[in-house]
Amino acid sequence: MKQICCFLVVLLSISALSAQQKTRSYLVDPQLAPLEHNVDFKHLRLELAFEPEKGLVKGVATLIFTPLQEKVDSIRLDAPQLDIKDVQLNGKTVSFKTDERNLIIYPHSSLSWDATDSIHIVYEAHPRRGLYFIGWNDPNNLSRKQIWSQGQGVDNRCWIPMYDEMNDKMTTELIITFNKDYQVLSNGTRLAVKDNKDNTRTWHYRMQHPHSPYLIMLAIGKYEIKETHSKSGVPMHLYYYPEWKDRVETTYKYSEQMVDFFEKETGVKYGWESYSQIPVQEYMFGAMENTTATVYGDFSFVDSRSYLDRSYVGTNAHELAHQWFGDLITARSDAHHWLQESFATYYDQLFERDVFGEDSFDWSRRDANNKSLEESLKNNFPIASSEGGNVRHYPKGAFVLNMLKYVCGGRASYNKAITHYLETHKYGNVDSHDLLIAFEETLGYSLDWFWDEWVLKGGEPDYHVSFREVEGAGEFTVSQAQELTEITGLPVCPGDAPSNAVKSVPFISERPATEYRPAGLYRMPIVFEIVYEDGTRESRKVWVEKQTEIVRMPVTTGKKIAYVLFDPNNEVLKSVKFVKPFEMLKVQALKAEHMLDRYDAVTAMRSVPLEKKRSTLLQVFDQETFHAIKSEIITQLAADLDPGSIALFHKALRDKQALVRKAVLQQVRPLGDLLKDAEGMLKDSSYDNVLLALDVMTQNNPAGVQNYLDITKGVTGTVGRNVEIKWLEIAWNQKKDTAIANKLVAYCSNSYEFRTRGNAVQAIKRMDYYSPVLINYLVDAVQSPNGRLAGPCGETLKHFYEMDAHKKQISDAIWSQKWEPWQAQAIRKYVN
């Protein structure tokens, strides 16, 4: 019995100790650790020639390296489906073997430390990824003819045999021989251009500093170049199509200014020898930040009218920011990819704030807040995760960086840490811990708690807030209502035994002493604000970290409270439920300093009856300048037939902001008396609004369709011929003219860029117009590496194939031809 009692005492002691121990739980990331490699590559010399009609690369790669391990008896390179002709090590032929992914080289004897060795590889490739041959198979000879690369994530290996991972950096030089009628761009300094006797030229580019293999680039096409430089002296080479010279100033607006801005904001000079930008056709993403040379989709190369709908400014700033965050310093593994994309997104936002204003910056943060909350409905991956996804790596991470600045006390402190971070790791690799250390070393802050909440764990806090006046004070009650889990928020903090008592937070800005805290809660400094009718205010920043907090603030005797705010201007990423009386919302919507607080007041009126809120919304609309608030008001009043609301719609159709004008056409039904004003939108300065007006007006007023077609005849629209293709679709629906349909079919061919093809295919699908020629174009499109073309075209092919009237004809036409296995695989996704 005595032994049993002793055992129970020990067991209870262990249990009690275990219950009080602090633990941390994180999701397992399969890409946390970088790939192992046994040699350190120092330099790549790559000699290239092409047979573009065949999609053929002929290359000679020389790799200089040093062993990392004491003895190296084999070297593995990435070389998927490359045809390796010969391999030499230190000038002597060696044995090698290849499989679907790798080239493995076997030295005659083991290599050892402190030696410098070289591998010489002769090879050929027909890449289907990484390097793209555009327009060389266009039978009509209408398409641009280009060759360009896209290395991220690990696709450069498809045309260059090398160790293709981000955790090894090397200097590179490319020597390219091609038709002299074309321009050739690669990374670094162009050392020489030599004319050859066979109507070709040889271009020689070299990097002065090391960079990661995925950042190697090549672009070939017919271009002219605008030479310019930043105020700090960085040479800039801005490529453009000769026939689009009138678009150069619009597209490259602010380019020089961006370099100077980022140098000032980071405290670090641009780290490379020059900076080039080049547009390409059929680009499947937005742009790519190759070191010294950004490649971007030519759909961003817009004229002054298209600029109103989509400009290159944001993409331009994002990719340039990568020259610091991603190129100068590079994530060690995919788990830390956010260190590249979040920073580039955030620094783009900072630049756009500088040129477009605070409201634009705040609206981008709100968009990030909303997208982050939506993403967390799917899963709780953190931003520091290879599985985090685009929302977390881009907008959420940018929001987190802005919160980091907020927590650290502002721009000066934050910038000091970032400068240290960049300078310490220049031309090297980093992980999320390196950023944490930079803040600790420069500012002395222990920010592990912030990393736990916002970097290493997912989720966001969900605050439920209420307010009341009591005994000469304003009292906020804040509850954290999110699901409490080990993989979100902070870890459990044992502290004292949990208490049911709710304690008030003192009026201090410092963090209060930590008590018991269950896992999954968030700790953040949050501002509480009471605004009086005379415009004065009481403001307190309080650390909110418990499941329920009560914050009391003194109310000045004799003053009446107009409205109250929890976290003014949305500094903290969160969802929040804060029900306020209408009178508070009214004053907040009219008088709050920050646009987001005014916007929140207006959106909170969605459930308020029209008769109660109408006059307030009309008043807010008249004094407001930001498009999102005006558009929200239009949405709430869209079904209102009151003369005041109708007058607002007329006014909105003449608003100087295209998005406000668009909101009327998107929301108000029926158009009724607005038809005449809405007809003016057919000549709107925004092509997107012209497209929308043409679509909406023809549906709302069938009798006026021919007039609308006459007004918009000959308008091509922006990228992808958006207005013209909608015009052809409507005209065909009016007349069923085969010539019109066949013009749309022609736009589906590979003579045109993918956005035109995609728009035309979607129109034909809506028209349900079948043509054997169309099927040939669709089959060609589904083989494209560009998913934004292949996907919609494949669905349209499937649409017609599933019709009994066409199924056999389509099947016979396709399978009577001979296809490569990869082609057949692409087609069979849609046609058996």
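Here are some exercises with worked solutions on a predicted model, so keep the structure open while you go.

**Exercise 1. The second largest pocket**

Work out how big the second largest pocket is, which residues sit closest to its centre, and which elements build its lining.

Step 1. Start with the volume: the second largest pocket comes out at about 630 Å³.

Step 2. Now look at the middle. The lining has 23 residues, and the closest to the centre are Arg366, Val576, Lys577, Asp600 and Thr603.

Step 3. Next, find the elements behind that lining. At least two residues each come from α6 (358-375), β30 (561-566), β31 (575-578), α11 (582-591) and α12 (595-603). The top contributor is α12, with five residues.

Step 4. Finally, sort the lining by class: you should get nine nonpolar, six polar and eight charged residues.

**Exercise 2. A closer look at Lys577**

Find which element holds Lys577, and which residues it touches once you leave aside its neighbours within four places in sequence.

Step 1. Lys577 belongs to strand β31. You have met this residue already, as one of those closest to the centre of the second largest pocket.

Step 2. Skip the neighbours within four places in sequence, and the contacts of Lys577 are Tyr463, His464 and Val465.

Step 3. Check the distance to Ser466 too. Lys577 and Ser466 are 111 residues apart along the chain, yet 8.5 Å separates their C-alpha atoms.

**Exercise 3. α3 and α5**

Are helices α3 and α5 roughly parallel or roughly perpendicular?

Step 1. Take the axes of α3 (residues 255-266) and α5 (residues 338-356). They come within 11 Å and cross at roughly 115°.

Step 2. Angles from 65 to 115 degrees count as roughly perpendicular, so α3 is roughly perpendicular to α5.

Step 3. For the hand of the crossing, write down right-handed.

Step 4. Now list who meets whom. On the α3 side you find Gln257, Met258, Phe261, Phe262, Glu265 and Thr266, and on the α5 side Tyr347, Asp348, Leu350, Phe351, Asp354 and Val355. Sorted by class, this contact has seven nonpolar, two polar and three charged residues.

**Exercise 4. Two more helix pairs**

Do the same job for α16 with α18, and for α13 with α15.

Step 1. For α16 (residues 658-667) and α18 (residues 687-700), the axes come within 10 Å and cross at roughly 15°. Angles under 35 degrees count as roughly parallel, so α16 and α18 are roughly parallel to each other.

Step 2. The crossing of α16 and α18 is left-handed. In the contact, α16 brings Ala658, Arg661, Lys662, Leu665 and Gln666, while α18 brings Asp688, Asn689, Leu692, Ala693 and Val696. That gives five nonpolar, two polar and three charged residues.

Step 3. Over to α13 (residues 610-623) and α15 (residues 643-652): they pack at an angle of about 20°, and their axes are 10 Å apart. By the cut-off used in Step 1, α13 is therefore roughly parallel to α15.

Step 4. The crossing of α13 and α15 is left-handed. Arg614, Leu618, Phe621 and Asp622 of α13 meet Gly644, Ser645, Leu648, Lys651 and Ala652 of α15. The classes here are four nonpolar, two polar and three charged.

**Exercise 5. Backbone oddities**

Say where Gly153, Pro670 and Asn90 are found, and what is worth noting about the backbone at each.

Step 1. Know the usual case before hunting for exceptions: most residues other than glycine have a negative phi, and most peptide bonds are trans.

Step 2. Gln152 and Gly153 are joined by a cis peptide bond, with omega about 0°. Look for Gly153 in the loop between β12 (146-149) and β13 (171-179).

Step 3. Arg669 and Pro670 are also linked by a cis peptide bond, and here omega is about -5°. Pro670 lies in the loop between α16 and α17 (675-679).

Step 4. Last stop, Asn90. Its phi is near 50°, a positive value in a residue other than glycine. You will find Asn90 in the loop between β5 (83-89) and β6 (92-93).

Conventions. Residues numbered from 1 in each chain as written. Predicted model: local features only at pLDDT ≥ 70, side-chain atom pairs only at ≥ 80, totals over all residues. Heavy atoms only, no water. 1 Å grid on protein atoms, 1.4 Å probe; cavity = no way out; pocket = protein on both sides within 12 Å on 5 of 7 lines; lining within 4 Å. Points joined across faces, edges and corners; volume = space filled by probe spheres on them. Helix = DSSP H or I, 4+ residues; strand = E, 2+ residues; numbered from the N terminus. Nonpolar A, V, L, I, M, F, W, Y, C, P; charged D, E, K, R; others polar. Axes fitted to C-alpha atoms, helices over the stretch in contact; angles between N-to-C directions. Parallel < 35°, antiparallel > 145°, perpendicular 65-115°, else oblique. Left-handed = near helix turned anticlockwise from the far one by under 90°. Contact = heavy atoms within 4.5 Å.
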